[in-house]
Amino acid sequence: MKDSITARLLWVDDEIELLKAHILFLQKKGYDVETVTNGYDALDRCAEQTFDLILLDENMPGISGLETLQRIKELTPTTPIVMVTKSEEENIMDQAIGSQIADYLIKPVNPTQILLTLKKNIHRREIVTEQTQTAYQQDFSKMSLLIDDATRIDDWMEVYRRLVSWELQLSETDSAMKDMLSMQKSEANRQFARFITKHYLNWIQDAQTVGRPEVMSPDIFKRRVFPLLDQGEKVFLLVIDNFRFDQWRVLMGEIADQFQIDESLYCSILPTATQYARNAIFSGLMPNIIAEMFPNLWVDEDSEEGKNLNEAPLIQTQFDRYRRKHTFTYHKVNDSAAAERLTQQLPQLAKYDLTVCVLNFIDMLSHARTESRMVRELASNEAAYRSITQSWFRHSAVGDLFRALAASDYRIVLTTDHGSIRCSSPIRVKGDKNTNTNLRYKLGKNLDYNPKEVFDITDPHQAQLPAPNLSTRYIFATGDAFFAYPNNYNYYVSYYRDTFQHGGISMEEMLIPLIELTPKRR
């Protein structure tokens, strides 16, 4: 930090006369240092004045440093306090740390140690902002080259990982670089959409085509679940609906001390919506094959029936097709009460080889954010959306479920069916009354749109998608676009702009977490 940066310090020490050289050093660095020689005077000063940090001697006559610490915390609970002591006794350290001190220094201290603790506890955010901003500026050109040179799906996964990493780092700062990152991410999504438009149909028509993602939605069981079952593992498959990679990275910090983590990304099929992507996961089949082979398990777009009511039967069809003798049980968790019940049932569920659980909270949050002004204010941007996800995990019964899994013998496969993107750019589209309502993809026989603005599939069978009519076509929004009807256009755009939607083509929707967790206790 620059010498001109100042902060107001209180130094409490009964031998303050011996610290004049240290105080002079800090004053030359621009700090305003007040001194007192006992705890009572420290309490009086704290009652009269606000300090940016307090250096507190542990061993003083009168009231001790630890007692002074407790009483200062009552007066000014947010002021960082650094305990300074000659003692290296562990119980004193434990008491001080338990009282939530900011730092702990052992005498004799040198000026550099003191300066370091001041930077950590007073100027940390400014330093982190400055250093992170500088690092991103230096990496910006490299990122641009990565985006321009991305020719394989693995390249795009690496681009997305790097962008999310910077997004998480910059979100913890006050850096103006956030806007530059947002622009770079938008450019990446534009080029990613061109990449998908060019290659997607080849991937779907030929699973052996060069460059196809190793894992797509129908491959989850075959590639990640069945191999674990074949090794004799008890597997817990947890599918968090509408779960983005950045949200996973935040949750990862909550569970890293409990699990060994093997992180990867996989590519969702289109549309990136529950009816298609999640049914493909559970059946191991593309949507049109599900509709043809198991018409009683496929729900058409225009049906009022729930689109994900047949997931357990779809899993059974996949087990039957691969002649799997393993047993499984299926659970859908829509609230904390259901999560609590599932946690309590874990010992009994161990008799099954595979336990499948679908968690719907994040998808419900996404829809609530669209429909509720209050929730939209709470989750006003990606950082807030991640924060709510983290708070939900930390304080809900789902956190208890993970703690129970960490104490179990399960191998956990954690994934999702698709992610979502915050939409801001409306695209006009016309359709008849039978056109579906999703804002990121449309299917119908009378769609009117600008083909330059969308990825259109005029023959659904090429994408292995159901075709309710001979003239049915699918169109997909790319980047941060969303579809809006000309009727009542301004109201419609205003209502849905800046909402999180899914179904279309973006890195956030298609490149999604596929994680294997092994409890560390094993």
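These are my notebook entries on cysteines, aromatic pairs and charges over rings in a predicted model.

**Cysteines.** I looked for disulfides and found that the count comes to zero. I then checked C267, whose sulfur has its closest cysteine sulfur in C423, 18 Å away, and because a disulfide needs the sulfur atoms within 2.5 Å, this is too far for a bond. C423 is likewise in no disulfide, the nearest cysteine sulfur being that of C267. I also looked up accessibility: C267 is buried at a relative accessible area of 0%, and C423 is buried with a value of 0%.

**Aromatic pairs.** I noted 29 aromatic pairs in the structure. For F221 and F282 I read ring centres 6.4 Å apart and planes at 75°, so I entered the pair as edge-to-face. F221 belongs to helix 9 (residues 220-230) and F282 to helix 11 (residues 274-283), so this pair ties together parts that are 61 residues apart in sequence. F221 is buried at 0% relative accessibility, and F282 is buried at 0%. I next looked up Y495 and Y496, an edge-to-face pair with 4.8 Å from centre to centre and 80° between the planes; here Y495 is partly exposed at 28% relative accessibility, and Y496 is partly exposed at 21%.

**Cluster.** I recorded one aromatic cluster formed by F221, F226, F282, F319, Y322, F328 and Y330.

**Charges over rings.** Returning to Y495, I found the charged end of R376 sitting over its ring, 5.8 Å from the ring centre. I made a similar entry for Y489, where the charged end of R428 sits over the ring at 3.7 Å from its centre.

Note on methods:
Residues numbered from 1 in each chain as written. Predicted model: local features only at pLDDT ≥ 70, side-chain atom pairs only at ≥ 80, totals over all residues. Heavy atoms only, no water. Buried < 20%, exposed > 50% of the residue type's maximum accessible area, 1.4 Å probe, protein only. Phe/Tyr/Trp six-rings, centres within 6.5 Å; stacked < 30°, edge-to-face > 60°. Helix = DSSP H or I, 4+ residues; strand = E, 2+ residues; numbered from the N terminus. Lys NZ or Arg CZ within 6 Å of the ring centre and 35° of its normal.
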